[in-house]
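User: Please take a close look at a single part of this structure and set it in the context of its surroundings. I would like one connected account, with the cut-offs stated.

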Amino acid sequence: MSEQMELQDLKFQGIKINYLYVCKRKLWLFSKNITFENQSDKVLLGKVLHEYSYPKEDAKEVLIDNLIMIDILSDGAVREVKYSSRMKEADIMQVMYYLYYLKQKGIEKQGIINYPKERRKEILELTPEYEQKVKQALSEIEKITSQVTPPPATKQKICKSCAYFEFCWG
Ligand code: SF4
């Protein structure tokens, strides 16, 4: 893999971690740049919620090393805003990956996941156990995305709201 491709790959790593826990097929499709996410109402709604739920907070999107786009609040925490807590483990792992990445850069932060629709938030700390889990997730992602064919589609609740629904079941 060339250096440029590696960089490109890293940019999407947070999302890939999330998809690893949501659906391995989704992860594979996304990794091959087969993306329909922009057409998904839920993603759009998530963006709208993000914009209107925290208008007064001093948050800005920061592109760290030109690699990952995340919210850094004024207190320095890393934040993700999610539409619902249905995929809680995936969301936690995505934020843990950001914290892990920053730690490699010598920056230790807290993570926050906001669920504005549910009016609650999760505060996260990168523990040694989660650090280990992130490393395992990264190597599993490598394994899955280097397969020539996608993992088979398996019907699950989330399929109905997945941007790949037509692709898998149409
Ligand atoms: S539609 Fe279902 S099986 Fe297909 S990628 Fe989405 S979650 Fe996975």
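Analyst: A residue is called buried under 20% relative accessible area, exposed over 50% and partly exposed in between (1.4 Å probe, protein chains only). By that criterion strand S4, residues 111-115, is mostly covered, as five of its five residues are buried. Helices (H or I, at least four residues) and strands (E, at least two) are DSSP runs numbered from the N terminus.

The model is predicted: local features need pLDDT of at least 70 and side-chain atom pairs count only at pLDDT 80 or more, whereas totals for chains, interfaces and linings use all residues. Residues are numbered from 1 along each chain as its sequence is written, and side-chain values use heavy atoms, with hydrogens and water left out.

Within the whole chain, S4 belongs to a set of seven helices and five strands. Their order along the sequence is α-α-α-α-β-β-β-α-β-β-α-α. Of the 170 residues, 40% count as buried. Among contacts (heavy atoms within 4.5 Å) between residues at least 6 apart in sequence, 65% join residues at least 24 apart.

The two sides of S4 may be taken next. In a regular strand the side chains alternate between the two faces of the sheet. Gly 111, Ile 113 and Tyr 115 point one way from S4, while Ile 112 and Asn 114 point the other way, and all of these residues are buried.

S4 has a partner strand in S3 and another in S5; pairing requires that DSSP find at least two bridges between the strands. Strand S3, residues 78-81, runs parallel to S4 and is joined to it by four bridges. In this pairing Val 81 has Asn 114 of S4 as its bridge partner. Between these two strands the chain passes through helix H5, and the resulting β-α-β crossover is right-handed; that is, with the strands pointing away from the viewer, the path from the first strand over the helix to the second runs clockwise.

Strand S5 is antiparallel to S4, with five bridges between them. Asn 114, the partner of Val 81, also stands opposite Lys 121 in S5. The hairpin of S4 and S5 has four residues between the strands, and there Arg 119 takes a positive phi near 50 degrees.

The crossover helix and strand S5 are also linked through charged side chains. Side chains of opposite charge can pair when their charged atoms come close. A salt bridge here is a side-chain nitrogen of Lys or Arg within 4 Å of a carboxyl oxygen of Asp or Glu, and the whole structure holds six of them. One of these joins Lys 88 and Glu 122, with N to O at 3.1 Å. Lys 88 lies in helix H5 (residues 88-104) and Glu 122 in strand S5 (residues 120-124), so this pair ties together parts that are 34 residues apart in sequence. The two partners differ in burial class: Lys 88 is partly exposed at 33% relative accessibility, whereas Glu 122 is buried at 16%.

Glu 122 also forms a salt bridge with Arg 120, the closest N and O atoms lying 3.6 Å apart. Arg 120 in turn forms one with Glu 118, at 3.3 Å between the closest N and O atoms. Both Glu 118, with a relative accessible area of 33%, and Arg 120, with 32%, are partly exposed. Through shared partners, Lys 88, Glu 118, Arg 120 and Glu 122 form one network of salt bridges.

Helix H5 also contains Gln 94, which is buried with a relative accessible area of 4%. The side chain of Gln 94 makes a polar contact of 3.1 Å with that of Tyr 98; such a contact is a pair of N or O atoms within 3.5 Å, and within protein one must be able to donate a hydrogen and the other to accept it, residues adjacent in sequence counting only if both atoms are side-chain atoms. Leaving aside neighbours within four places in sequence, Gln 94 is in contact with Gly 14, Ile 15, Ile 17, Asn 18, Glu 80 and Lys 82.

Finally, confidence is expressed as pLDDT, the predictor's confidence in each residue from 0 to 100. The chain mean is 77, and 68% of the residues reach 70 or more. Confidence is lowest in helix H1 (residues 3-11), with a mean of 45, and highest in helix H6 (residues 128-145), with 96. Residues 1-8 have pLDDT below 50 and make three contacts beyond near neighbours in sequence. Residues 63-69 are likewise below 50, with 21 such contacts in the model. Where pLDDT is low, the predicted coordinates should not be read in detail.
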